[in-house]
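Open the model in a viewer and keep a selection box at hand. The tour below goes from the whole chain to single sites.

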Amino acid sequence: MSLRLPSERPEEPPTGYKIAHPMLSQDGTRAGFTGVSLGGSLPYGVLDAARCAYGRRHRAPHRRCDCGFHCVHARAEAEGLLCTAEHRTAALLEVTVLGAYIRFERGFRYARQRVRSVTVQPCGCGAAATGLADAGWGRPGWRALEGVCGACGRGTGRRALALGRFAAVAGEGLRLTAAAAVAAGTPTGLGLPELAAEAALLQARLDWFQSELGRLRDRG
Ligand SMILES: [Zn+2]
Ligand SMILES: [Zn+2]
């Protein structure tokens, strides 16, 4: 007996959300993305078809495999994935699910995909990103990129690509926007009393650190 799921024929292709790292080809002529988990080794283009991540000779998504593109239904859930340390520099992608798909409670696994828009995370300093800079890692033939602000891009001498430039290289009408600057918890909005309190706290930590260091040295 074979179990069949009900088939759907939507009028409009479904929309989903996912996170991925923007990538630029070695020669700078192609832009794409690399996923954060399964299939993360294969960069994909703005409009692309999934291949089995295990190299099996079946069409993705296959029911007895976990290959294919993946996305979730809720934007907030994809945003939640950006909170983990290893995904802080990934971007949020809004995608259109094309071709055959398998629907799950939280998302889809599917055959083809169009990336419609990309929201780039703020620069490491907290300011909104104005460009994408070399993230210091990649895949053969591809460099991973991460959001950088104008000041940090110039200050570190890293080659940065304007967001619009990445969109132009990617083609297919891709839109890129920068996530708002990180506001809460940064010293930018603090007055003198708060900064003085912060400094006292840091001094206390430093004193403790130095006494610990001294203790270890005495022992050694
Ligand atoms: Zn497969
Ligand atoms: Zn910056």
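The stops below run from the overall fold to a metal site, a loop residue and a surface patch.

**Whole chain**

Start with the protein chain in cartoon view, bearing in mind that this is a predicted model. The cartoon should show 4 helices and 10 strands. Followed along the sequence, these elements come in the pattern β-β-β-β-α-β-β-β-β-α-β-α-β-α. Colour by accessibility next: of the 220 residues, 37% count as buried. The chain exposes about 13,700 Å², and carbon and sulfur atoms supply 54% of that area. A contact map adds another view: among contacts with a separation of 6 or more, 63% are between residues 24 or more positions apart.

**Zinc site**

Select ligand 1, the zinc ion, together with its donors. Which atoms coordinate the zinc ion (ligand 1)? They are Cys52 (SG), His58 (NE2), Cys65 (SG) and Cys67 (SG), at 2.1 to 2.3 Å. Angles among the 4 donor atoms are 100 to 116°, and the site is tetrahedral. Here the reasoning needs a cut-off: four donors count as tetrahedral if all angles lie between 85 and 135 degrees. Along the chain, the donors of the zinc ion follow the spacing C-x5-H-x6-C-x1-C. Now keep Cys52 and Cys67 from this set, which are 15 residues apart. Both are placed in the loop between β3 (47-49) and β4 (69-72). Check their accessibility as well: Cys52 and Cys67 are both buried.

**Gln121**

Move to Gln121, in the loop between β6 (107-120) and β7 (131-139). Is Gln121 buried or exposed? Its relative accessible area is 18%, so it counts as buried, the limit for that class being under 20%. To see what surrounds this side of the loop, display the contacts of Gln121. Leaving out residues up to four places away in sequence, Gln121 touches Leu82, Arg88, Ala90, Ala129, Gly147 and Ala179.

**Nonpolar patch**

For the last stop, show the molecular surface and select Leu206, Trp208, Phe209 and Leu213. These residues make a nonpolar surface patch of about 400 Å². Pick Leu213 from the group; it lies in helix α4, which covers residues 192-219. Why does Leu213 count as partly exposed? Its relative accessibility is 35%, and the partly exposed class lies between the buried limit of 20% and the exposed limit of 50%. Leu213 also meets the requirement of over 30% relative accessible area for patch residues.

Definitions and conventions:
Residues numbered from 1 in each chain as written. Chains lettered and ligands numbered in written order. Predicted model: local features only at pLDDT ≥ 70, side-chain atom pairs only at ≥ 80, totals over all residues. Heavy atoms only, no water. Helix = DSSP H or I, 4+ residues; strand = E, 2+ residues; numbered from the N terminus. Buried < 20%, exposed > 50% of the residue type's maximum accessible area, 1.4 Å probe, protein only. Contact = heavy atoms within 4.5 Å. Patch = residues over 30% accessible without salt bridge, like charges linked within 9 Å, V, L, I, M, F, W, Y side chains within 5 Å. Areas by Shrake-Rupley, 256 points an atom, 1.4 Å probe, with all protein chains shown as cover. Salt bridge = Lys/Arg side-chain N within 4 Å of Asp/Glu carboxyl O. Donors = N, O, S within 2.8 Å, 3.2 Å for Na, K, Ca; no water. Tetrahedral: all angles 85-135°; square planar, octahedral: opposite > 155°, others 65-115°.
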